[in-house]
Amino acid sequence: MAKQVQNFNAEIKQLLDIVIHSLYSHKEIFLRELISNASDAIDKLKFQSITHPALLPENWQPEIRLRPDSAARTLKIIDNGVGMSQEEVVEFIGTIARSGAKAFAQLNEEMKTKPELIGQFGVGFYSAFMVADKVTLHTQKAGTNEGVVWESTGDGTYSIDTVPRPEGTGTTITLHLKEFTTEDEVQDFTDPWILKSLIKKYSDFIAHPIKLQGEKEDETLNSQKAIWLKSPAEVTKEEYKEFYQHLSHDWNEPLKTIHYKAEGTMEFNALMYLPSKKPWNFNTQEAAYGLSLYIKRVFIMADCKELIPTYLRFVKGLVDSSDLSLNVSREILQQDRQVTQIRKNVTNKVLANLKELMTKERSTYEDFWNEFGATLKEGIPSDASNKEKIQELALFHSTYSDKMTTLDEYVTRMKEGQKEIFYITGDNLSQVSHSPYLEKLKEKNYEVLLLVDPVDEWVVDAITEFKEKKLRSIMKEGLDLDSESEKKQKEEELKQAEMTLRPVLDTMRKTLEQDVKDVVLSERLTNTPVCLVSASQDPSAHMQRLLSQMGREYRNPVKRIMEINPKHPVFEKMLKATPEQQTKWAEILFAQALLNEGSNIPDPVKFSQQIAELMVQAAEATKH
């Protein structure tokens with residue numbers, strides 16, 4: 001094949017422009033990224049060779065080599081990993097619009113101050129252009145005899161050619177280093193001492209030897225120590241932090257480290273971390289999750305979902321088992337009894353550590369909850385075996401104070417005679433905390449949980465009861481807040497009000513018969529004229545909105561009940577209005593009720609016109 005020159009796609013061009021021209025303060029992180037890629041390539045070859053032994057060259061020993069040349073101002077990073085075919089080089093290095101590249105490019109300003117984040121986006125290779133004005137990649141895929149040379153100066157184009165690689169399988173990246181002035185404060189990346197210190201800083205835990213070429217013999221720079229096999233007492237906080245950053249590409253410190261050895265019917269070592277911040281792509285379809293799986297120190301696979309439930313997908317780390325077979329596949333993992341036991345053990349350990357964190361360091365736990373609480377709550381409806389543990393860990397906003405509360409804390413504060421735990425669901429805290437549904441409860445000093453995570457609708461369906469106290473939505477019919485004596489007194493009042501407002505109720509029922517099940521008098525409102533409530537067995541309006549956003553709308557929309565506040569002056573005015581005015585006001589009140597609960601109104605233009613007409617009428621009335 002003749003040498004070809006091709007253009008980078010738009011996202012890669014933008015990314016390169018950021019990398020090359022931004023004033024990065026940590027240019028040295030390029031080495032961490034390229035070493036990490038080389039390590040991944042070796043891991044892939046080892047894994048593939050389990051089922052295809054012929055892929056490994058004779059007497060193959062995994063290694064990553066650094067070959068600096070101060071005279072030529074070049075640095076080579078060489079690995080004997082899986083290598084790439086020409087198609088893979090084009091896909092991963094040159095032209096395909098990858099979501100990570102696009103997301104990285106969109107965070108231009110943040111990247112100027114935090115270039116170390118580049119590894120999180122799957123585009124760490126391009127960090128080479130921070131320090132090199134030309135990058136040459138020579139690679140050969142395992143099992144083939146064809147080498148590929150890719151080269152670019154980062155100018156928007158790259159060349160690609162087929163050239164045999166003398167070393168065979170693997171990849172060589174040659175960095176033609178830029179000339180930096182002393183004012184740039186950039187280290188000399190051909191200096192052996194600097195390379196040694198950077199490997200110690202960023203890549204000491206890489207499982208394969210990283211060797212620096214010397215005049216007489218190569219020197220291994222990294223300890224290759226599997227810290228997860230050590231006793232926790234032997235590992236320093238700094239070592240845990242460095243390993244976390246190597247594992248996750250997250251430059252923040254982990255919130256908590258969970259390191260233990262399981263013994264008994266099955267044996268494995270686990271090293272896991274609770275992150276302090278959400279990754280940039282958390283909860284996106286592209287986001288990978290799961291623990292890395294090792295078997296007897298041999299890396300098997302990253303992102304092993306079978307080792308941890310979905311609701312703990314924020315946990316980073318690894319499991320190293322001595323019992324599983326090396327010849328393992330994802331299909332086998334899904335059915336393996338030992339993997340199921342490991343998953344159960346790991347889940348219990350994480351939940352126990354979260355409980356300890358909540359008990360001993362509440363403010364730190366609340367920081368964690370603000371990042372990952374909604375994710376953890378997914379376990380309440382999805383994991384029956386751990387439901388009680390997770391609901392004890394759950395924090396909720398409440399009308400009691402600005403501090404979040406547990407269900408247990410809520411129960412201890414319940415008023416004498418209160419039989420239910422009250423809650424309201426909605427789209428955001430501002431909306432639900434000012435909701436008219438709270439009026440009567442605030443007046444009577446009842447605490448209400450404010451649930452604003454989408455998952456909360458499924459959570460309250462799953463919990464239903466806590467410590468023999470039923471959970472009650474204040475947006476559904478049948479809300480009982482009065483004592484027996486208050487009920488008797490109000491019963492007579494409501495009868496009288498219903499007789500008085502009969503014409504208004506009849507008009508509203510007729511006008512809104514296509515929109516609501518019924519129009520009845522309300523005992524829950526004190527200041528607001530109307531509200532909509534769901535029947536006890538019907539989904540809430542919030543649940544219906546969520547399902548609609550998910551493309552799962554009800555074939556026949558569920559109608560709700562309109563409750564009216566008989567003491568509100570608007571109904572006294574309606575009694576004196578014409579039938580035409582009553583009809584118009586009924587439509588306006590229905591639209592207001594929809595807005596109050598956070599729903600869209602069916603005809604905003606008509607509603608605006610009706611409000612404008614009312615304003616004109618009110619203005620004219622003040623003249624007389």
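A search of the whole structure, which is a predicted model, finds one cavity of 30 Å³ or more. The volume of the largest cavity is about 40 Å³. Its lining consists of Phe396, Leu407, Leu449, Leu451, Val459, Val460, Ile463 and Leu471. Two elements give two or more residues each to this lining, namely strand β17 (448-451) and helix α16 (456-463). Of the contributing elements, α16 gives the most, with three residues. Sorted by class, the lining of the largest cavity has eight nonpolar residues, with no polar and no charged ones.

From this enclosed space the description turns to an open one. The second largest pocket has a volume of about 610 Å³. It is lined by 22 residues, of which Gln544, Pro557, Arg560, Ser599 and Asn600 are the closest to the centre of the pocket. The elements that supply two or more residues to the lining of this pocket are α19 (541-549) and α21 (579-597). Helix α19 accounts for the largest share, five residues. What is the make-up by class of the lining of the second largest pocket? Nine of its residues are nonpolar, seven are polar and six are charged. The lining of the largest cavity, by contrast, has no polar and no charged residues.

The remaining feature is a pairing of two helices. Helix α9 spans residues 337-360 and helix α10 spans residues 362-377; their axes come within 8 Å and cross at roughly 140°. Why is this pair described as oblique? Angles over 145 degrees count as roughly antiparallel, and 65 to 115 as roughly perpendicular. The crossing angle of roughly 140° belongs to neither range, and α9 and α10 are therefore oblique to each other. The crossing in which α9 passes α10 is left-handed.

On the α9 side, the contact is made by Leu351, Leu354, Leu357, Met358 and Lys360. On the α10 side, the residues are Arg362, Thr364, Tyr365, Phe368 and Leu376. By class, this contact of α9 with α10 comprises seven nonpolar residues, one polar residue and two charged residues. Lys360 of α9 and Arg362 of α10 both count as charged, whereas Thr364 of α10 counts as polar.

Key. Residues are numbered from 1 along each chain as its sequence is written. This is a predicted model: local features need pLDDT of at least 70, side-chain atom pairs count only at pLDDT 80 or more; totals for chains, interfaces and linings use all residues. Side-chain values use heavy atoms; hydrogens and water are left out. Axes are lines fitted to C-alpha atoms, for helices over the stretch in contact, and angles run from 0 to 180 degrees between N-to-C directions. Helices (H or I, at least four residues) and strands (E, at least two) are DSSP runs, numbered from the N terminus. Angles under 35 degrees count as roughly parallel, over 145 as roughly antiparallel, 65 to 115 as roughly perpendicular and the rest as oblique. A crossing is left-handed if the near helix is turned anticlockwise from the far one by less than a right angle, and right-handed if clockwise. Contact means heavy atoms within 4.5 Å. On a 1 Å grid over the protein atoms alone, a cavity is a set of points where a 1.4 Å probe fits but cannot get out, and a pocket is an open set with protein on both sides within 12 Å along at least five of seven lines; lining residues have an atom within 4 Å of a point. Grid points are joined across faces, edges and corners, and a volume is the space filled by probe spheres set on the points.
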